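Student: I have a model open on my screen and some labels I'd like to understand. Can we go through them together, with the reasons behind each one?

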Amino acid sequence: MTSATVGFECCLDSLQNTPCKRPSQRNTSSKKRGRTPGSRTPHGDRFIPNRSAMDLDVSNFELTRKHLELNTENMNANASPAKEEYKKELAQTLMQNNPSSKVLAFKSKAPKPAESHQNSLRVLYTQNREAGNVPRKYSRQIPQAPERILDAPELLDDYYLNLLDWSSNNTLAVALGDAIYLWNASDGSIQQLMQTQGENTHVTSLSWIQQGNYMAVGTSDHKVQIWDVDKLKQVRSMNGHRGRVSSLSWNGPLLSSGARDSLVIHHDVRVPEHKVGMLRGHTQEVCGLKWSPWGNMLATGGNDNLLNIWDDRYSSSRGGAVQTCDQPLHRLDAHQAAVKALAWCPWQKNLLASGGGTADRMIRFWNTGSGACLNAVDTHSQVCSLQWSQHDKELVSSHGYSHNQLILWKYPSMVKVAELTGHTSRVLHMAQSPDGTTICSAAADETLRFWKVLSGGDNSKKERAAAKDSILNTMSIR
C-alpha cells in the first residue's frame, strides 16, 4: 500500500468520523494510548459546516443582500436618509440574536444551561451588555409649543415674496400689506417704519443689512428703497427693475435685488450711480436670493425651477460701465418647481441648502464649488423657507401644502429631531434670532410664532448652567 493511498483513506475516515490506522502502527498506537477505539469522542471536521448551528434563512439573506442592494440603488436615488436609518435600526432589532454576518457555522452552539442554574457572575458581566445597541436619545429638550404668538393681520399669502427678517440688533421686521412694522425683541415694543405710497402698492420684500440699522425694502411698483431705522426715514430710492422686487440680499455695502422681470441687479449704495452689475440667468421671477456668509458666492432661485450659483466678479462696475453676465458659475436644474428656499451653511464653506415648491417638495444640498448635489430628501410638502442653526449641525425647514409645519433636522443624517405644528396655513417665512436660539415663523394664517428650538451654543449653555446654580443655591432643606 502506497503512502498516497494511506493518506486518502485517512481523509476519508476523518470525514466518516472513524479513526485511521496505518498498517505499521496498528498495534503500537493502541498500546501506547491504552484506549479502545470506542472511547474516542466523535466530532465533526472543522472545515465542514454544521447545519444544525446555522440559520439557513439568514444565510440566504446575507448571500443575496448585495445583489438586492445593487438592483434597488437606482430606484432609491431620492430615498430619505431617515428611512434608511429606520431600516438599519429595524434590521438590528430583528437580527439581535444573529449579530454576525457569517454565512457558514463550523461548530455547534454551546448548550443552554439548566433552568435552575444560577451564575454568580451573571449580574456583573451582563447588566450593561445591551447598552451599546440602544440608540442614544437626543438629550436636548425640544419645546413642541411656540414660546410666543403675535397677530400679523394682512400678511400677504404669496409664496414668492420675502416679508420677514430679524436684525443683528434684535429687531424683527415684518411687512403687512403696504406697511412694515418693527418688533423689538428686547422690550416688546412695536412701531411702524413705513407705508408705501400710491394705490394698489404693497411691500414685496425686505432685508436688514448685516450690521447696523439700515433696511432695504422692495415694492410692487418696481422700486428698491433704503431706510434708516433709527431715524424712521427713507434715505434712498433706486430704480432699475421692470417688475415687482420680490427678493433682496446684502453683501457689505452691495445690495442685490431680484424681481419679476427675471433680472438680478447689484446696487452699490455708496455711490450716486448705484447700478453696478446685472445677472441674466433666469426666465421667470427671481424669488430666492442669498449671498454666502463669506461674500464670494450668490445663489439665486426662480420660478423657472432653476438654481443658479454666481461668483462675485460682476458685483462692481469697471470704468463706470454696468457689467452684465448671462452665464452663471453653475446652473442647477434638479428641482421640479420654483426654488425660493435658500440657506448657506454658516459653519461649512460652499454648502448650500435649497428647497422646491409644491411639485418638487425636495430639500437638496449642494457643493457650490463643484456644483454636485450631495443629498436630497423628499419632505412630502412644499418647502417655503430654510434656516441653518448657527451653533449645531441642524437645519429648520418650513412647509406649505399640505402639512403646514416646521421640521428640525439633524445634519447630515437628515433624521427628524422635532416636528412643530400649530399654524393652520402654509408657513411662508422664517427668521432666526441673533443669538441663534429662536426661530420666528410667519404663515398665511396671519400669525407670527416664536419657537425656541435651537441650542444657542456655548453661551446659552453657560446661561442655563448659571440659572440652575442660582436656583440650587436658593434651595434649602429645613
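Tutor: Sure. One term comes up straight away: a strand here is a DSSP run of E with at least two residues, numbered from the N terminus. Proline 412 sits in the loop between S25 and strand S26 (415-420). Keep in mind that this is a predicted model.

Student: What makes the peptide bond from tyrosine 411 to proline 412 worth a look?

Tutor: That bond is cis, with omega near 5°. Most peptide bonds are trans, so a cis one stands out. Another cis bond joins tyrosine 401 and serine 402, where omega is about 10°. Serine 402 lies in the loop between S24 and S25.

Student: What is unusual about the phi of methionine 414?

Tutor: Methionine 414 has a positive phi of about 55° and is not a glycine. Most residues other than glycine have a negative phi, so a positive one catches the eye. Like proline 412, methionine 414 is in the loop between S25 and S26.

Student: Why is methionine 414 called buried?

Tutor: Buried means under 20% relative accessible area. Methionine 414 has 0% relative accessibility, so it counts as buried.

Student: Why does asparagine 350 count as partly exposed?

Tutor: Partly exposed covers what lies between the buried limit of under 20% and the exposed limit of over 50%. Asparagine 350 has a relative accessible area of 24%, so partly exposed is the label. Asparagine 350 belongs to the loop between S19 and strand S20 (351-356), and its phi is positive, about 65°, although it is not a glycine.

Student: How do you know that glycine 371 is buried?

Tutor: Its relative accessible area is 18%, and the cut-off for buried is under 20%, so glycine 371 makes the cut. Glycine 371 is in the loop between strand S21 (362-367) and strand S22 (372-378). Not counting residues up to four places away in sequence, glycine 371 touches His330, Leu332 and Trp366.

Student: And asparagine 404, buried or exposed?

Tutor: Buried, because asparagine 404 has a relative accessible area of 15%. Asparagine 404 is found in the loop between strand S24 (394-399) and strand S25 (406-410).

Student: What makes the link from asparagine 404 to arginine 426 a polar contact?

Tutor: The pair must be N or O atoms within 3.5 Å, with one able to donate a hydrogen and the other to accept it. The side chain of asparagine 404 reaches the backbone nitrogen of arginine 426 at 3.3 Å, so the distance fits. Asparagine 404 also has a partner in valine 427: they are 23 residues apart along the chain, yet their C-alpha atoms are separated by 5.8 Å.

Student: What are the polar partners of glutamine 432?

Tutor: Its side chain makes a polar contact with the side chain of glutamine 387 at 3.2 Å. A polar atom of the glutamine 432 side chain also lies 2.9 Å from the backbone oxygen of tryptophan 388. Glutamine 432 is in strand S27 and is buried, because its relative accessibility is 10%.

Student: Why is serine 249 called buried?

Tutor: Serine 249 has 6% relative accessibility, so it falls under the 20% limit. Serine 249 is in strand S10 (residues 245-251), and its side chain reaches the backbone nitrogen of tryptophan 291 at 3.1 Å.

Student: Which residues lie nearest the centre of the largest pocket?

Tutor: Asp165, Trp166, Lys290, Trp291 and Gln387, out of a lining of 42 residues. The space in that pocket is about 1200 Å³. Among the strands that each supply at least two lining residues are S10, strand S14 (286-291) and strand S27 (427-432).

Student: How do the lining residues of the largest pocket divide by class?

Tutor: There are 24 nonpolar, 15 polar and three charged residues.

Student: Where does UniProt list "repeat: WD"?

Tutor: The unreviewed UniProt entry lists residues 196-237, 279-311 and 420-453. In the model, residues 279-311 are 0% helix and 55% strand, with end C-alpha atoms 11 Å apart. Residues 420-453 are 0% helix and 50% strand, and their end C-alpha atoms lie 10 Å apart.

Methods:
Residues numbered from 1 in each chain as written. Predicted model: local features only at pLDDT ≥ 70, side-chain atom pairs only at ≥ 80, totals over all residues. Heavy atoms only, no water. Helix = DSSP H or I, 4+ residues; strand = E, 2+ residues; numbered from the N terminus. Buried < 20%, exposed > 50% of the residue type's maximum accessible area, 1.4 Å probe, protein only. UniProt positions renumbered as here; feature names shortened; annotations may be inferred. 1 Å grid on protein atoms, 1.4 Å probe; cavity = no way out; pocket = protein on both sides within 12 Å on 5 of 7 lines; lining within 4 Å. Points joined across faces, edges and corners; volume = space filled by probe spheres on them. Nonpolar A, V, L, I, M, F, W, Y, C, P; charged D, E, K, R; others polar. Contact = heavy atoms within 4.5 Å.
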